[in-house]
Amino acid sequence: MNFYSTNGQAPIATLEKAVVKGLAEDKGLYMPERIKNLPKEFYDNIENLSFQEIAYTVADAFFGEDVPAEDLKRIVYDTLAFDCPCVKVTDNIYSLELFHGPTLAFKDVGARFMARLLQFFLKKEGAGKVNVLVATSGDTGSAVANGFLGVEGIHVYVLYPKGKVSPIQECQFTTLGQNITAVEVDGVFDDCQALVKNAFIDADLKAHMQLTSANSINVARFLPQAFYYFYAYAQMKKKGLADQLVVCVPSGNFGNICSALFGKRMGLPVKRFIAANNANDVFFKYLQTGKYEPKASVQTIANAMDVGDPSNFARVYELYGKSHAAICANISGATYTDAQIAETIKEVKAETGYVCDPHGACGYRALKEGLKTGETGVFLETAHPAKFKDTVDRILGDDIEIPAKLQAFMKGTKQSVPMSKDFASFKEYLMAQ
Ligand SMILES: *Cc1c(COP(=O)(O)O)cnc(C)c1O
């Protein structure tokens, strides 16, 4: 399958090029040339299939032309070595828990899949070492570092702002060792991102080492997230609750919801979607006005969604033929302040006993306010609440338990490379590697 750029000015790319390069030459995002409809028999029988079987069918539609069946199956099965259960919260609202992977957040699946697919292409080519640079404000770094951990032929540099990442997040990428290097930048997140961007365009570095990125612009990271939605549908169908299914996705960069919309295009019978935002409401405003007006992000307690110019908007827009009306026919929006998020976490706990993280809370609330009679809602619980322990404890006046997986990271020894925020020293460091 070939991929074209949303900006329409770059050459058509193979899957391999799209995965290795990430972004097209014209700075557009790669889109698959075709989106295959899955056969009726698949949907008729989906509730009898395992998560891995479902995911393999979906992966085959996107990657099957370029990756031999046994390799693709291995990649999918290795990526999904955990469950994502749909848990009942109220009579008509379910939580799809995407936090049972290695770093307890939904980005684990995309990161692992991308690592394995990249490794497949490198082996095939007999290519040399590839270096992944990733700037993080917390969640992306931990998912990418753990997804790529121990993968031969790839070295990962995680750049993060010193003192601006919670201790729980920091330990998930600074204690790993092996092929993962944590670079602790004396600056803010934007400085980390600038260092990464400058490295990609530097001619000396390009000649010295092969560099690539691992954020949700990469097709190998965002497309596999579609697996979640097919599996959610299967679980709800098994319960007899899939006839009028509404799926609500807490959204920041819109990679996750974009993969869901690809799923719908493949025939997945979800009635409609809701994109739940925190105070960063660019997409919500777009739905109301038809105008997309990016702005600087504002800081919130659901900080993985603090995005003022979501990259994957370009893909959503393209998918719907650049039609505002077509987008509005499938997706509605919601936006919540920190006070509303906190109120929701408290309310859900008091009424149902369920503990939401700040991102999932946006999803729950949008369903609670937006479901119509006869509809059943599933919101994506995108991270375990313990990943945001300080915030959740403060809101609930509680001391929530830290899962064993997270505690194990916290026992490790922190190792990081201190770095100033000026590019010259970062370049010098990379040139010495
Ligand atoms: C990344 C992230 C999101 C937002 O996902 P997008 O694909 O960027 O829209 C939501 N919640 C959590 C916990 C995340 O880490």
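Asn-278 sits in the loop between strand 11 (272-277) and helix 13, where helices (H or I, at least four residues) and strands (E, at least two) are DSSP runs numbered from the N terminus. With a relative accessibility of 0%, Asn-278 counts as buried; the cut-offs here are under 20% relative accessible area for buried, over 50% for exposed, and partly exposed in between, using a 1.4 Å probe and protein chains only.

A word on what you're looking at: this is a predicted model, in which local features need pLDDT of at least 70 and side-chain atom pairs count only at pLDDT 80 or more, while totals for chains, interfaces and linings use all residues. Residues are numbered from 1 along each chain as its sequence is written, and side-chain values use heavy atoms, with hydrogens and water left out.

Back to Asn-278. Its side chain reaches the backbone nitrogen of Asn-280 at 2.8 Å. A polar atom of that side chain also lies 3.4 Å from the backbone oxygen of Met-305. Both are polar contacts, meaning a pair of N or O atoms within 3.5 Å; within protein, one must be able to donate a hydrogen and the other to accept it, and residues adjacent in sequence count only if both atoms are side-chain atoms. Not counting residues up to four places away in sequence, Asn-278 touches a set of residues that includes Thr-300, Asp-306, Tyr-336 and Cys-362, with contact meaning heavy atoms within 4.5 Å.

**Aromatic pairs around helix 13**

Rings of Phe, Tyr and Trp (its six-membered ring) pair if their centres lie within 6.5 Å; planes under 30 degrees apart count as stacked, over 60 as edge-to-face and the rest as tilted. By this rule there are 19 aromatic pairs. Two that share Phe-283 are set out here.

| Pair | Centre to centre | Angle between planes | Class |
|---|---|---|---|
| Phe-283 and Tyr-286 | 6.1 Å | 35 degrees | tilted |
| Phe-283 and Phe-313 | 6.2 Å | 65 degrees | edge-to-face |

Phe-283 and Tyr-286 both belong to helix 13 (residues 282-289) and are 3 residues apart, about one turn of the helix. The pair with Phe-313 is another story: Phe-283 lies in helix 13 and Phe-313 in helix 14 (residues 313-319), so this pair ties together parts that are 30 residues apart in sequence. Phe-283 counts as buried because its relative accessibility is 2%, and Phe-313 counts as buried at 7%. Tyr-286 is buried as well. Elsewhere, Phe-62, Phe-63, Phe-113, Phe-222, Phe-227 and Phe-262 form one aromatic cluster.

**The ligand**

The ligand is surrounded by 15 residues, and the closest are Lys-107, Asp-139, Gly-252, Asn-253 and Thr-382. A residue counts as near if one of its heavy atoms lies within 4 Å. By class, that shell has 6 nonpolar, 7 polar and 2 charged residues. Here Ala, Val, Leu, Ile, Met, Phe, Trp, Tyr, Cys and Pro count as nonpolar, Asp, Glu, Lys and Arg as charged, and the others, Gly among them, as polar.

Looking at the polar contacts, a polar backbone atom of Asn-253 is 2.8 Å from an oxygen atom of the ligand. A polar backbone atom of Gly-255 is 3.2 Å from an oxygen atom of the ligand. On the side-chain front, a polar atom of Thr-382 lies 2.8 Å from a nitrogen atom of the ligand. On its own the ligand has 380 Å² of accessible area, and the protein covers 97% of that; these areas come from the Shrake-Rupley method with a 1.4 Å probe, and for residues only the protein chains shown count as cover.

**Some loop residues**

Ile-400 is in the loop between helix 18 (389-396) and helix 19 (404-411), and at 11% relative accessibility it counts as buried. The C-alpha atoms of Ile-400 and Ala-386 are 6.7 Å apart, with their positions 14 residues apart along the chain. Beyond four places in sequence, Ile-400 touches Pro-385, Ala-386, Lys-389, Val-392 and Asp-393.

Glu-47 is in the loop between helix 2 (40-45) and helix 3 (51-63). Its side chain makes a polar contact with the side chain of Lys-237 at 2.8 Å.

Most residues other than glycine have a negative phi. Lys-27, in the loop between helix 1 (15-21) and strand 3 (30-32), has a positive phi near 70 degrees and is exposed, with a relative accessible area of 60%. Lys-322 also has a positive phi, about 60 degrees; this residue is in the loop between helix 14 and helix 15 (324-330) and counts as partly exposed at 46% relative accessibility.
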